[in-house]
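Thanks for making time this morning. Please have the sequence and the model open while I talk, and I will go from the fold to the core and then to one of the pockets.

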Amino acid sequence: MCIRDRYQRRVRGTESQQTMGCGGSQEAQERHHLVLTLTCQPDKRPDLIALFNDPKEGLAKTARFPGCLAIRAFEDQENLDVLYLYEEWDTKESQSKYMAMRGETGFLKTLTQDFLLTEGGLAIAEGPSAFIGNV
C-alpha cells in the first residue's frame, strides 16, 4: 500500500482528480510538494468545483503549466466545505512562476475573495521532498 492509498481512505477524489501511480523512478530526485487546504463558503462549493473543472482556467491549466508534475483534488468526507489540493512541482521556482501567473490573471484574487472563507479559508503546507519508497 502506498501513502496515497492510506490518505485516500479519509478523503475521496473529486471528478477532477488526476490519477498518478505510486512508486516510480523518482528516488533521488528532489521535488517541491504542496498541500493546500481550502475551506469554502458553504454556498460556494459547487461553483468552486466548477471552476476547478474548467478546462481553460481550472486545474487543467495548472497541470499544463511547465514544471507541474501532478495536481490532485480531494474533498473531506466529514466536512464537504473543505477541499484539498495536492501539487507536485519539479522545483520551487516553477511553482513560484505558476503562482505569479495566477496572481497576474486575477485567479488568486477570485479564489480567495469569491469562494473561500475570509478567516482560515486557505492553509498551505509546502516544502522540498524526495521520494523515499512505498510503504
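In what order do the elements of the chain run from the N terminus on? They run α-β-β-α-α-β-β-α-α-β, which gives 5 helices and 5 strands, where helices (H or I, at least four residues) and strands (E, at least two) are DSSP runs numbered from the N terminus. Before going further, I should say that this is a predicted model, in which local features need pLDDT of at least 70 and side-chain atom pairs count only at pLDDT 80 or more, while totals for chains, interfaces and linings use all residues. Residues are numbered from 1 along each chain as its sequence is written, and side-chain values use heavy atoms, with hydrogens and water left out.

Of the 135 residues of the chain, 37% count as buried, taking buried as under 20% relative accessible area, exposed as over 50% and partly exposed as in between, with a 1.4 Å probe and protein chains only. Among contacts (heavy atoms within 4.5 Å) with a separation of 6 or more, 76% join residues 24 or more positions apart.

Turning to the interior, the largest nonpolar core, meaning a set of buried Ala, Val, Leu, Ile, Met, Phe, Trp, Tyr and Cys residues joined through side-chain atoms within 4.5 Å, has 22 residues, and Leu38, Leu48, Phe52, Leu83 and Leu85 have the most contacts inside it. Helix 2 gives the most to this core, with 4 residues. Leucine 38, leaving aside residues up to four places away in sequence, touches Phe52, Leu83 and Leu85, and its other partners include Asp81, Leu111 and Leu122.

Now to the second largest pocket, where a pocket is, on a 1 Å grid over the protein atoms alone, an open set of points where a 1.4 Å probe fits, with protein on both sides within 12 Å along at least five of seven lines, and lining residues have an atom within 4 Å of a point. Its lining has 21 residues, with Leu36, Glu87, Met99, Leu108 and Leu111 nearest the centre. By class, this lining has 14 nonpolar, 4 polar and 3 charged residues, with Ala, Val, Leu, Ile, Met, Phe, Trp, Tyr, Cys and Pro counted as nonpolar, Asp, Glu, Lys and Arg as charged, and the others, Gly among them, as polar.

Finally, is leucine 69, which is found in strand 3, buried or partly exposed? Leucine 69 counts as partly exposed, because its relative accessibility is 38%.
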